[in-house]
Amino acid sequence: MNFDLTEDQVAIRDAVRELCRGEFAPAAAQWDRDDAIPPSAIARLAEMGLLGMNIPEEWGGLGYDTRTVTLVIEEIARVSAALAIMVSVHNSVGAYPIYAFGTDEQRRRYLPRLTSGSVGAFSLSEPGSGSDASALTTVARRDGDHYLLSGEKNWVTNGRHVWTFLVLARTGGPGPKGISAFIVEKDQPGLTLGKSEDKMGLRGSDTVTLAFDGARVPVSQRLGAENEGFKLALTSLDAGRIGVAAQALGVMTAAFHEAARYAQQRRAWGAPIAKLQAIQFKLAEMERRVQAARLLIAKASWLKDTGQDFIRAASMAKLYATEAATWVTHQAVQVHGGYGFVKEYAVERYYRDARVMEIYEGTSEIQRLVIARSLLRDGVRL
Ligand code: CAA
């Protein structure tokens, strides 16, 4: 495994960094206060092709490998974790599954728009099923050339910005083998978007509920085979988890830099607080966790990009990076003292933003389950 970035990867990272610092950073705190990211920010990302990062060029995308995608998400998350999750969800579980599991007809219908400005989303969770995702009860009843979808979904990232939702619904018996995936357009009759959640963090990333009331979705919009949607969803989430890890890396890197900068400016007992061992230990621990997360993300990306099994590595990267982000942002507030608790300082936002990363796209507990199952299946090598 080579840790070095290629010249192309460095150029892409630097271009995204320039965009983020120049255009998004000055607005990010306001997006948080307004709880709204303007469509113009999404349009800027689309202009740079970043809504089709992992889709091959022949289908309108940029054809980036996973490592490159993580660099982009990290850069965006360094200025706005809310914008970063929009991009990550859109690319990994909104648009990419249509390329990976779709028919050519579905690719032709959806990918040109999803790679050029329209936003995709993923809808698995329900009010009564979260970690136990295969217990979902939204039903899709076959009616000739259509399915009739009825039920409720929640925690749908990208909400009102969305054109297509990838919806998981029950077409067969109970459990994981009775679930199918559907591409549902926002204007679909019988689909109502419910309230936007009033969240603690990631404000500006719209999170909505969906209500289906006999929505007539054509059979041609089923993604993959009937009753095989659950595996498709979990496979898509495996890749999504590397994206969330990169988002966590971005926010903790930003928090670490703010803490290091503040520690060198703020004086106590006649010297910068960075001279105090109590603060130095915190900075050292932050850097250790940032670097360890970066390596786990690179490893998971490399396994995926080289066609190897990456499920365990993706869960390890997500588990480690998100728990590290919680810890690093917590310590960054601590280094700032009372100033870290007020909105004037960015670490207050980073702290709130980091918290949910241990929850969505599979909680830390689910990641541990995935890792343990994989270890026990493959055998633990001593
Ligand atoms: N990747 C690919 N396939 C997987 C998988 C994975 N990580 N985990 C399980 N599978 C496969 C299994 O191999 C099995 O297939 P086979 O029968 O062919 O072997 C099938 O999926 C069913 O697996 P299980 O019997 O293990 O199913 P389960 O019901 O016990 O569930 C689970 C396993 C790991 C707990 C799973 O339910 C899970 O990952 N839950 C968390 C769901 C989640 O992450 N939700 C987040 C939703 S998205 C979100 O947060 C919001 C957003 O906007 C993005």
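This is a short tour of a predicted model, one selection at a time.

**Stop 1: the ligand**

Start with the ligand and its shell. Select the 25 residues that surround the ligand. The closest are S134, K177, D238, R241 and R373.

Now show the polar atoms. The side chain of R373 has an N or O atom 2.5 Å from a ligand oxygen. The side chain of R241 has an N or O atom 2.8 Å from an oxygen of the ligand. Add the backbone of G362: one of its polar atoms is 3.1 Å from a ligand oxygen. Next, switch on the ligand surface. The ligand taken alone exposes 1,100 Å², and the protein buries 77% of that.

Which elements give two or more residues to the shell? Colour β3 (146–157), α6 (229–265) and α10 (364–378) to see them. The most comes from α6, with 7 residues. Then recolour the shell by class: 12 residues are nonpolar, 7 polar and 6 charged.

**Stop 2: inside α6 and β3**

Stay on helix α6 and pick M252. Is M252 buried or exposed? Its relative accessibility is 0%, so M252 counts as buried. Draw a distance from the C-alpha of M252 to that of E197: the separation is 24 Å, with the two positions 55 residues apart along the chain.

Move to strand β3 and pick L149. L149 is buried too, because its relative accessible area is 0%. Now run a C-alpha distance from L149 to A268. These two are 119 residues apart along the chain and 62 Å apart in space.

Keep β3 in view and select E126 and K153. E126 sits in the loop between β1 (119–123) and β2 (139–143). A polar contact of 2.9 Å joins the side chains of E126 and K153. E126 has a relative accessible area of 5%, so it is buried.

**Stop 3: two positive phi angles**

Most residues other than glycine have a negative phi. Two loop residues here are worth a selection.

Pick D35, in the loop between α1 (7–34) and α2. The phi of D35 is near 55°, a positive value. D35 is partly exposed, because its relative accessible area is 26%.

Then pick L202, in the loop between β6 (191–196) and β7 (207–218). The phi of L202 is near 50°, also positive. Buried or partly exposed? At 3% relative accessibility, L202 counts as buried.

**Stop 4: salt bridges**

The model holds 25 salt bridges. Here are some to display.

Keep D35 selected and add R203. The two form a salt bridge, with the closest N and O atoms 3.4 Å apart. What does this pair tie together? R203 is in the loop between β6 and β7, and D35 is in the loop between α1 and α2, so the bridge ties parts that are 168 residues apart in sequence.

Next, select R44 and E23. Their side chains meet in a salt bridge, 2.8 Å from N to O. R44 belongs to helix α2 and E23 to helix α1, 21 residues apart. Both ends are partly exposed: R44 has a relative accessible area of 25%, and E23 one of 38%.

Go to helix α5 (residues 104–114) and select R107 and D104. Their side chains form a salt bridge of 3.1 Å, N to O. The two are 3 residues apart in the helix, which means a separation of about one helical turn. R107 is buried, with a relative accessible area of 15%, whereas D104 counts as partly exposed at 39%.

Finish this stop with a group. Select D32, K343, E348 and R352: a network of salt bridges links them.

**Stop 5: the outer surface**

Select M1, F3, L295 and W302. Together they form a nonpolar patch on the surface, with about 390 Å² of accessible area. W302 lies in helix α7 (residues 277–305). At 32% relative accessibility, W302 counts as partly exposed.

Last, pick D65, in the loop between α2 (39–47) and α3 (66–79). D65 counts as partly exposed because its relative accessibility is 33%. Draw one more C-alpha distance, from D65 to Q331: 33 Å, with the two residues 266 apart along the chain.

Note on methods. Residues are numbered from 1 along each chain as its sequence is written. This is a predicted model: local features need pLDDT of at least 70, side-chain atom pairs count only at pLDDT 80 or more; totals for chains, interfaces and linings use all residues. Side-chain values use heavy atoms; hydrogens and water are left out. A residue is near a molecule or strand if one of its heavy atoms lies within 4 Å of it. A polar contact is a pair of N or O atoms within 3.5 Å; within protein, one must be able to donate a hydrogen and the other to accept it, and residues adjacent in sequence count only if both atoms are side-chain atoms. Accessible areas come from the Shrake-Rupley method with a 1.4 Å probe; for residues, only the protein chains shown count as cover. Helices (H or I, at least four residues) and strands (E, at least two) are DSSP runs, numbered from the N terminus. Ala, Val, Leu, Ile, Met, Phe, Trp, Tyr, Cys and Pro count as nonpolar, Asp, Glu, Lys and Arg as charged, and the others, Gly among them, as polar. Patches are made of residues with over 30% relative accessible area and no salt bridge: like charges are joined within 9 Å, nonpolar side chains (Val, Leu, Ile, Met, Phe, Trp, Tyr) within 5 Å. A salt bridge is a side-chain nitrogen of Lys or Arg within 4 Å of a carboxyl oxygen of Asp or Glu. Buried means under 20% relative accessible area, exposed over 50%, partly exposed in between (1.4 Å probe, protein chains only).
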